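Thanks, everyone. I have one structure to show today, and I'll keep it brief. Let's put it on the screen.

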Amino acid sequence: MQAADKLKVGPEWRGGGDYVFTTGSGEPVHSDTVSSLFPILTKRYNEAWFCLQLPTALVREWRPHPELQRS
């Protein structure tokens, strides 16, 4: 997805990493932005798709458990 965005934005592209969440110009989104928007998006999704509910979770809970890390 970022490759398509990079082509569309052209020389204004500022992304340098492989981030999950980026701005329109490729810069990483601040973690507070993701943390504050995720509950809103989850609520909207759950209201629209009541038969396929997403669980509520904090962003920090997305990290894999240390015992499940690949070595």
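I'll start with the whole chain, then go along one helix, and end at the surface.

First, a caution. This is a predicted model.

Now the overview. The protein has 2 helices and 0 strands. The chain runs to 71 residues, and 10% of them count as buried. The accessible surface comes to about 6,500 Å². Carbon and sulfur atoms account for 59% of that surface. Next, contacts along the chain. Take the contacts between residues at least 6 apart in sequence: 12% of those join residues at least 24 apart.

On to helix α2. It covers residues 31-48. That makes 18 residues. From first C-alpha to last, α2 reaches 26 Å, close to the 26 Å expected at 1.5 Å a residue.

Where does α2 bend? Look at L37. The bend there is about 30°. A proline, P39, follows within four residues of L37.

Which residues of α2 are buried? They are V34, T42 and N46. Here is a general point about helices. An α-helix has 3.6 residues a turn, so residues three or four places apart point the same way. Keep that in mind as you look at the helix.

Let's stay with T42. Its relative accessibility is 5%. The cut-off for buried is under 20%, so T42 counts as buried. What does T42 contact beyond its neighbours within four places in sequence? The answer is L54 and P55.

Next, F38, also in helix α2. Is F38 buried or partly exposed? Its relative accessible area is 23%, so F38 is partly exposed. Setting aside residues up to four places away in sequence, F38 touches A57, V59 and W62. Take A57 from that list. F38 and A57 are 19 residues apart along the chain. Their C-alpha atoms are separated by 8.7 Å.

W62 takes us to the surface. This residue is found in the segment after α2. W62 is partly exposed, with a relative accessible area of 39%. So W62 has two sides to its story: W62 touches F38, and W62 also belongs to a nonpolar patch on the surface. Which residues join W62 in that patch? They are V20 and F21. Together the three residues have about 330 Å² of accessible area.

To recap: α2 bends at L37, T42 is buried and contacts L54 and P55, and F38 touches W62. That's all from me.

Terms used
Residues are numbered from 1 along each chain as its sequence is written. This is a predicted model: local features need pLDDT of at least 70, side-chain atom pairs count only at pLDDT 80 or more; totals for chains, interfaces and linings use all residues. Side-chain values use heavy atoms; hydrogens and water are left out. Buried means under 20% relative accessible area, exposed over 50%, partly exposed in between (1.4 Å probe, protein chains only). Contact means heavy atoms within 4.5 Å. Accessible areas come from the Shrake-Rupley method with a 1.4 Å probe; for residues, only the protein chains shown count as cover. The expected span of a helix is 1.5 Å times one less than its number of residues. The bend at a residue is the angle between axes fitted to the seven residues ending there and the seven starting there. Patches are made of residues with over 30% relative accessible area and no salt bridge: like charges are joined within 9 Å, nonpolar side chains (Val, Leu, Ile, Met, Phe, Trp, Tyr) within 5 Å. A salt bridge is a side-chain nitrogen of Lys or Arg within 4 Å of a carboxyl oxygen of Asp or Glu.
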